[in-house]
Amino acid sequence: MHHPINAHENNTTTCCYCGVGCGIVAHKDQLGRLQVEGDKDYPVNKGMLCSKGMNLHYTVNDYSDRLLYPEMRYSRNLPRQRVSWEMALERTAAVFRTLIDKYGPDSVAFYASGQCLTEEYYIVNKLIKGYIGSNNIDTNSRLCMSSAVVGYKMSLGEDSVPVSYEDLEVADVIFVAGANPAWCHPVLWRRVEAARQTNPDLKIIVSDPRKTQTCSIADVHLQLHPGTDITLHHAIGRALIEKGYIDADFVNDHTEGFAQYRKQVFSKTIAEAAQVCGVEEEAIRQVADYIGRARGFMTLWTMGLNQSVVGVNKNLSLINLNLITGHIGKPGSGPLSLTGQPNAMGGREVGGLSNLLPAHRDLLNVQHRREVEDFWGIRPGTISDKPGLTATEMFDALEDGRLKAIWILCTNPLISLPDVRKAEAALKKAKFVVVQEISNKPETLAYADVVLPAAAWTEKEGTMTNAERRISYLNKIMEAPGEALPDATILCRFAQKMGFTGFDFENTAAIFNEHGALTAGTRMDISALNYELLKARRSVQWPFTEAAGKQGTSRLFEDHQFYTTSHRAQIHSFPDDNHSETPSPDYPLILTTGRIRDQWHTMSKTGKVNKLKQHISESFLEIHPEDATPRQIKENDLVVIKSRRGEVRIKARLSDTIKQGVVFLPMHWGKILGKDGNRANNLTNNLVDPKSKEPDFKFSAVAVYRYQKP
Ligand code: SF4
């Protein structure tokens, strides 16, 4: 099979793993195989790549698991057969039409991914919201950062990350809450480590029930009990107020809600809060002193805050610390939510969640719906005012029969969804399942009636937005193998088979231009941007307006005019309760799941690379010796982890770096020492935050005991 690299002058692209968004230059070696290196001219990584990024070429050069042709089956009892694109799309359109006619537009859904390119996201969102007439489009980003979206909207008025990575290099205090960037966002963390070398006054605070690699350069590690983040943030807020460290002018002139907040955080003493969190009172006061004296204070967070049944409140309570100290809209200051996927931000921008519309418009706002309908040239009222199903809701709806068909693209829900056995049972019940994928490995394929082979990273062009609002252009560098097609092409062809107009784009650039035009006049205006400019400038940060300059806007809110109706930032108040599942004598430990350094998501890409198995080759349960010893568990013993939903068998790794009473299991592996799908998510529950609908992955009550042969 020959897969030549295009004779393109500029083989630059962007890493397809985490939301840091490192720039990559691709080369062809003597054997014609892809090689990658960090792009020295790219502002994000300045030539650096982490272990995952520097081994990306292995995933591209290995075609052994690639889907090459469309496949289809006429009945669940029959095997799938190779078919033509024409036949696969014709049949899919016929089934969708029949279901929509019989059961209505809400009987079908698309479940997409933060790995989709912005153009793909735009098309799938337009297709279902504007033409099918349902809002049943959600993505795996719901599992990752939807609490941050709501947090930003509620506090700043819109889903707008106010800072840039360069702010981390001029901050005096960086508070990392519920994140391990040293492993999960490594290149960004290397920039912080470098800043530490040049600024000895830089203080780093980490809050995490685990003493992770990130803690190795922390001045303070607040090893809190899971679920007590709000209590901790409130206590820091109280300590800041007590010491007179708040910025009274900023609070008076540019915020609302401080008086209520003060009352709320004073409802617990710092000593009481310290006890709830399981940290030292003195450590909380020390952190407040560091923040209070800082000229630049940044907060940084990911899944430890987002993946929670109170994820939005965790976000708000942290952002409050920036607001009461006036640390926003100036160098080295502000809240920065890191994204786990490369284009979770692009998805947010085109409205690719079940409750959003393009350019950060709101589905529930009738004016916003009309603007989008006008732009798309569709009948007023076509866009439903009923929010669509979110990620976990889609699988609930498949199970109870409300949803008949699901189209899954670029994600692997049978490892990544919470309470995954329930999701698997739901997929079995679906009337019709379409899977659009690059690999023949994902478990989802077992349930697929139609399989559509997609082009992978470097095999298609498009754009992505990283965690600092930076839009980058990804060159097409390789030809896709077999008959695999870019996701946007597949979706447009399907839309045309459905008889919809508005999907006859000449090329990918035309999709980007349409998306850009729809942002005109909004706060994320990129209407003046196009592929030519992006290729020339390599990346820009939105908004990209005339006033913003050549590379766009690096920092928002420098004028302290927030996007709320009153133009004031909102300081929200709420109790510090956690609503997670309650541990009991039968399930006394708290399970938290997460990433390891060299694997990514469900390993469909990183799992192909031998080098990446050298760091950690198999999954494990991390448990504190004080929890292991009474259970007669020793290092490497096989243990059973049991929750109210399922169990997993795995080897134990004893470590005093984890909080006593807490155990940790990596999220990546599908089958662990068992043939029946012993996935980490057999154990998790599908409780969700009521506002963001993000699941509570970081808090499941479990029992752990040594495995005894029956
Ligand atoms: Fe890729 Fe993230 Fe590593 Fe950069 S830090 S190389 S974007 S995985």
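Strands β19 and β20 form a hairpin with four residues between them, and Arg469 in the turn has a positive phi of about 65°. Strands here are DSSP runs of E of at least two residues, helices are runs of H or I of at least four, and both are numbered from the N terminus. This is a predicted model, in which local features need pLDDT of at least 70 and side-chain atom pairs count only at pLDDT 80 or more, while totals for chains, interfaces and linings use all residues. Residues are numbered from 1 along each chain as its sequence is written.

To stay with the hairpin, β19 covers residues 462–465 and is joined to β20 by four bridges, the two strands running antiparallel. Two strands count as paired if DSSP finds at least two bridges between them. Within this pairing, Thr465 has Ile471 of β20 as its bridge partner. β20 also pairs with strand β21 (residues 539–541), again in the antiparallel sense, over three bridges. There, Arg470 stands opposite Gln541 of β21.

How many residues of β20 (residues 470–474) are buried? The count is five of its five, and the strand is mostly covered. A residue is buried if 20 or more other C-beta atoms lie within 10 Å of its own, exposed if 12 or fewer, and partly exposed in between, with C-beta atoms placed from the backbone. In a regular strand the side chains alternate between the two faces of the sheet. In β20, one side carries Arg470, Ser472 and Leu474 and the other Ile471 and Tyr473; these residues are all buried, and both faces are covered.

Confidence comes next. The mean pLDDT of the protein is 94, and 98% of its residues reach 70 or more; pLDDT is the predictor's confidence in each residue, from 0 to 100. The model scores ipTM 1.00 and pTM 0.96. Over residues 1–9, however, pLDDT stays under 50, and the model has 16 contacts beyond four places in sequence for this stretch. A contact is two residues whose C-beta atoms, placed from the backbone, lie within 7 Å. Where pLDDT is low, the predicted coordinates should not be read in detail.

After that segment comes an open sheet of three strands in the order β1-β2-β3, with antiparallel pairing. Its edge strands are β1 (12–14) and β3 (34–38), each of which pairs on one side only. Neighbouring strands of this sheet are turned by 40° against each other on average, direction ignored. Such angles are taken between N-to-C directions of axes, which are lines fitted to C-alpha atoms (for helices over the stretch in contact), and run from 0 to 180 degrees. Three bridges hold the antiparallel pair β1 and β2, and Thr14 has Gly23 of β2 as its bridge partner. β2 (residues 23–28) and β3 pair over five bridges, also antiparallel, with Ile24 bridged to Gly38 of β3. These two strands form a hairpin with five residues between them, where Gly32 in the turn has a positive phi of about 80°.

The ligand is surrounded by 14 residues, and the closest are Cys15, Cys18, Cys22, Cys50 and Gly53. A residue is near a molecule if its C-beta atom, placed from the backbone, lies within 6 Å of it. Helices α1 (51–54) and α7 (186–198) each supply at least two residues of this shell.

Helix α5 (residues 146–156) is largely enclosed by the rest of the structure, because ten of its eleven residues are buried. Among them are Val149, Val150, Tyr152, Lys153 and Leu156. The buried residues of α5 pack against α13 (303–306), α14 (311–324), β13 (334–337), α15 (344–349) and β22 (569–570). Gly157 follows α5 and has a positive phi, near 100°.

Is Ala248, in helix α9 (residues 248–254), buried or exposed? Ala248 is exposed, because 11 other C-beta atoms lie within 10 Å. Its C-alpha atom is separated by 41 Å from that of Gly661, 413 residues apart along the chain.

Last is a barrel, closed by six strands in the order β23-β27-β24-β26-β25-β28, with mixed pairing. Neighbouring strands of this sheet are turned by 45° against each other on average, direction ignored. Strands β23 (residues 589–594) and β28 (residues 700–706) run antiparallel and are joined by three bridges; Leu589 has Val702 of β28 as its bridge partner.
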